[in-house]
Amino acid sequence: MNHTELQAENLYSQLETELTSALADMPKLAIVGIYSGGAWLAERLAKKLAISDVGFVDASFYRDDFAKRGLKEEVKPSQIPFEVEGANILLVDDVLYTGRTTRAAINTLFDYGRPAKIMLAALVDRGGRELPISADFVSQTIALPNEQMLVLQKADDGRLSLTIDHA
C-alpha cells in the first residue's frame, strides 16, 4: 500500500485556532467527537478550549448504507454524559467525505435530545458529497479520487498523522 503523509499536526493547529476564536463566547457549548478520528480531535479540542461537556458517538447503526457496509469490528458505544437538550454542540470528525457519517451522527445526537445548534468541524474535507452537508470549520479541502482514502492515526505520544492511502 502506497501512502502520502499530510501535516496532521499543522492542520489540527489551524482548526484549533479557528475554533478558539469562533466559539469564545458561545453559551452551553459541548463537543462531540465521531469515533475514532473525530473522538481524538474532540478530546484535544475540549482540553484546549476548556469545554467540560464532552461526548463521543459511533454512528455505525444509523448509517443509511449499513446493510451494504456491514458492522465494523471496532464499534464503540456512544457516550453523551451531558444534557443535549438546548446545548450548542460542536460535532467533530477527522474527514468529511460523502456526508453519510455526519448525518448518522446527527441522528444519534437527536436520540439524546434536541440541541439548540449543531456545528460541524472537520480536519479535512475531501469532497465527494452525496448529501447536502458541509463543515462550519475545516482546516483543508483536498480533492481525491474515489479509490483513495484519508486515514488519521494517533501515535502513542498523542501526535496525529494523516495519510492518503492508495488501494
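What share of the 167 residues in the chain is buried? The buried residues make up 49% of the chain. The model is a predicted one.

**Overall layout**

The chain holds four helices and eight strands. Read from the N terminus, the elements run β-α-β-α-β-α-β-α-β-β-β-β. Contacts reach across the sequence. Of those between residues at least 6 apart, 68% join residues at least 24 apart.

**The α1 and α2 pair**

Helix α1 spans residues 8-22, and helix α2 spans residues 37-49. Their axes lie 11 Å apart, and the packing angle is about 45°. An angle of that kind falls outside the parallel, antiparallel and perpendicular ranges, so α1 and α2 are oblique to each other. Their crossing is right-handed.

Which residues of α1 and α2 meet? From α1 come Glu 9, Tyr 12, Glu 16, Leu 19 and Thr 20. From α2 come Leu 41, Arg 44, Leu 45, Lys 48 and Leu 49. By class, this contact has five nonpolar residues, four charged residues and one polar residue.

Glu 9 deserves a separate look. This residue sits in helix α1. Is Glu 9 buried or exposed? Its relative accessibility is 12%, and the limit for buried is under 20%, so Glu 9 counts as buried. Leaving out residues up to four places away in sequence, Glu 9 touches Arg 44, Gly 158, Arg 159 and Leu 160. Arg 44 belongs to the α2 side of the helix contact.

**Nonpolar cores**

In soluble globular proteins, nonpolar side chains tend to be buried together. Here the largest nonpolar core has 34 residues. Leu 19, Ile 31 and Leu 90 have the most contacts inside this core. Helices α1 and α2 each give two or more residues to the core. So do these strands: β2 (29-34), β3 (54-57), β4 (88-96), β5 (117-125), β7 (148-154) and β8 (160-166). The most comes from α2, with six residues.

Leu 90 shows how these parts join. Setting aside neighbours within four places in sequence, Leu 90 contacts Leu 19, Leu 23, Ala 30, Ile 31, Val 32, Met 119, Leu 120, Ala 121 and Phe 137. Two of these partners, Leu 19 and Ile 31, are named with Leu 90 among the residues with the most contacts inside the core.

A second core is separate and has 19 residues. Its members include Ile 80, Ile 89, Leu 96 and Ala 122.

**Backbone exceptions**

Most residues other than glycine have a negative phi, and most peptide bonds are trans. Three places in the loops stand against this background. One is a cis peptide bond that joins Tyr 35 and Ser 36, with omega about 0°. Ser 36 lies in the loop between β2 and α2. The other two are residues other than glycine with a positive phi, Lys 28 and Ala 50.

| Residue | Phi | Loop | Relative accessibility |
|---|---|---|---|
| Lys 28 | near 45° | between α1 and β2 | 46% |
| Ala 50 | near 55° | between α2 and β3 | 70% |

Where does each residue stand on exposure? The limit for exposed is over 50%, so Lys 28 at 46% counts as partly exposed. Ala 50, at 70%, is exposed.

Methods
Residues numbered from 1 in each chain as written. Predicted model: local features only at pLDDT ≥ 70, side-chain atom pairs only at ≥ 80, totals over all residues. Heavy atoms only, no water. Axes fitted to C-alpha atoms, helices over the stretch in contact; angles between N-to-C directions. Parallel < 35°, antiparallel > 145°, perpendicular 65-115°, else oblique. Left-handed = near helix turned anticlockwise from the far one by under 90°. Contact = heavy atoms within 4.5 Å. Nonpolar A, V, L, I, M, F, W, Y, C, P; charged D, E, K, R; others polar. Buried < 20%, exposed > 50% of the residue type's maximum accessible area, 1.4 Å probe, protein only. Core = buried A, V, L, I, M, F, W, Y, C linked by side-chain atoms within 4.5 Å.
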